[in-house]
Amino acid sequence: MRRLLAKLERSHGLDRIGDPARKAILAAVPREGVRDVLHGRWLGHPLHPAVVQFPVGAWLSAAVLDALAFLPGRRPAATALLVAGTAAALPAAVTGATDFTTLSREQRRVAVVHALANSVALGLFVSSIVARLRGRHAAGRGLSYAGTGVAGVGAFLGGHLSFSQDAGTNHAAAALPLVPRGWHGIGAIEEFRPGRVESRILGETPVLVYRDGDGDRFSVLIGRCAHRSGPLADGRTVEVDGEACLECPWHGSVYRLADGRAVHGPASSDQVVLRTRIRAGRLEAARP
Ligand code: FES
């Protein structure tokens, strides 16, 4: 299985589907604000894994009802669950497609097969609903069992994307344990000019120090982007709603410098911010 997954990640042929699909999705959802909603920035968490629970839960429940042959009224209940799951597949597909546009090539190759498996499963569930409505219940059950199996393959690949390929995880949070515990001196406060972002290393972790325009407040952020570890120190400062923000140079996520809030995606997680204090004219930082 591991060899198969590694082969999938290296299958350049899948780029012939993945690259144009990415362009088509970006063209279909051109507004950054809409993509932010679909990525789950408002939730502080990727939206796709949350919404896929609805179709998967409904389809699995239908399979359980189908298996309980002795239960009265199970047929209409199973059909209703299949219809509900199929309807819920639409938001799952839309959020997944939006996340697809921000994946690396290796991740996109796996995501292409994940999407194909889910599309086949969806086709099987729709066929099952049609068969049931025509009174062909045995065929309907067979089709939905087949759909459940194929959807399982899709779910397995989704898990591989999330847990082995790190798609959708908070990469800044992963860098946090490398900051040694306790308070650490970052530098004398006069080293940091108001309104500027400076980079430093804390333990093995790059951090960014921002001193606000008035020179009163400091914030220290993890220097690796929460989205996919992009080097935030190379980003440019921008202003959003009157607030100083930093734009990641890799995919354009924008974080508020005062508190790390993700203002624009694709990042759905906020940037990790360290605690700060001033001691004897020196800025110190510690893990939150
Ligand atoms: S790494 Fe993707 S936006 Fe920063």
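The protein contains nine helices and ten strands, where helices (H or I, at least four residues) and strands (E, at least two) are DSSP runs numbered from the N terminus. The model is a predicted one, in which local features need pLDDT of at least 70 and side-chain atom pairs count only at pLDDT 80 or more, whereas totals for chains, interfaces and linings use all residues. Residues are numbered from 1 along each chain as its sequence is written, and side-chain values use heavy atoms, with hydrogens and water left out.

The overall dimensions were computed from the C-alpha trace, which spans about 80 × 40 × 35 Å along the principal axes of the protein. The radius of gyration of the protein is 24 Å, while a compact globule of 288 residues would have a value near 19 Å; the radius is taken over C-alpha atoms, and the globule rule is 2.2 Å times the number of residues to the power 0.38. Of the 288 residues, 44% count as buried, a class defined by a relative accessible area under 20%, with exposed meaning over 50% and partly exposed the range in between (1.4 Å probe, protein chains only). The accessible surface of the protein amounts to about 14700 Å², and carbon and sulfur atoms account for 58% of this area, as computed by the Shrake-Rupley method with a 1.4 Å probe, only the protein chains shown counting as cover for residues. When contacts (heavy atoms within 4.5 Å) are considered between residues at least 6 apart in sequence, 56% of them join residues at least 24 apart. The side chains comprise 35 positive and 24 negative ones, and the centres of these two sets are separated by 12 Å; Lys and Arg count as positive and Asp and Glu as negative, His and the chain ends being left uncounted, and each charge is placed at NZ of Lys, CZ of Arg, CG of Asp or CD of Glu.

An unreviewed UniProt entry lists residues 78-98, 110-131 and 143-163 under "transmembrane region"; its positions are given in the numbering used here, with feature names shortened, and such annotations may be inferred rather than shown by experiment. In the model, residues 78-98 are 100% helix and 0% strand, and the end C-alpha atoms of this span lie 31 Å apart. Residues 110-131 are likewise 100% helix and 0% strand, with 32 Å between the end C-alpha atoms.

Leu-157 belongs to helix 8, which covers residues 137-164, and is buried because its relative accessible area is 5%. Leaving out residues up to four places away in sequence, Leu-157 touches Leu-5, Leu-8, Val-110, Val-113 and His-114. The pairing with Leu-5 joins positions 152 residues apart along the chain, their C-alpha atoms being separated by 8.6 Å.

Several further residues were examined in the strands and in the loops that link them. Gly-185 is found in strand 1 (residues 184-188) and counts as partly exposed, at 47% relative accessibility. With residues up to four places away in sequence not counted, Gly-185 touches Leu-283 and Glu-284. By contrast with these contacts, the C-alpha atoms of Gly-185 and Leu-68, which are 117 residues apart along the chain, are separated by 65 Å.

Ser-253 lies in the loop between strand 6 and strand 7 (254-256), and is classed as buried because its relative accessible area is 1%. Apart from neighbours within four places in sequence, Ser-253 is in contact with Cys-225, His-227, Leu-246, Glu-247, Cys-248, His-264, Gly-265, Pro-266 and Ala-267. A separation of 48 Å was computed between the C-alpha atoms of Ser-253 and Ala-139, which are 114 residues apart along the chain.

Other loop positions are exposed. Asp-214, in the loop between strand 3 (205-211) and strand 4 (218-222), has a relative accessible area of 63% and is therefore exposed; Asp-214 and Leu-274 are 60 residues apart in sequence and 20 Å apart in space, C-alpha to C-alpha. Asp-241 occupies the loop between strand 5 (236-240) and strand 6 (243-247) and counts as exposed at 76% relative accessibility. Although Asp-241 is not a glycine, this residue has a positive phi of about 50 degrees. Ala-280, located in the loop between strand 9 (273-279) and strand 10 (282-286), also has a positive phi of about 50 degrees without being a glycine, and is exposed, with a relative accessible area of 83%.
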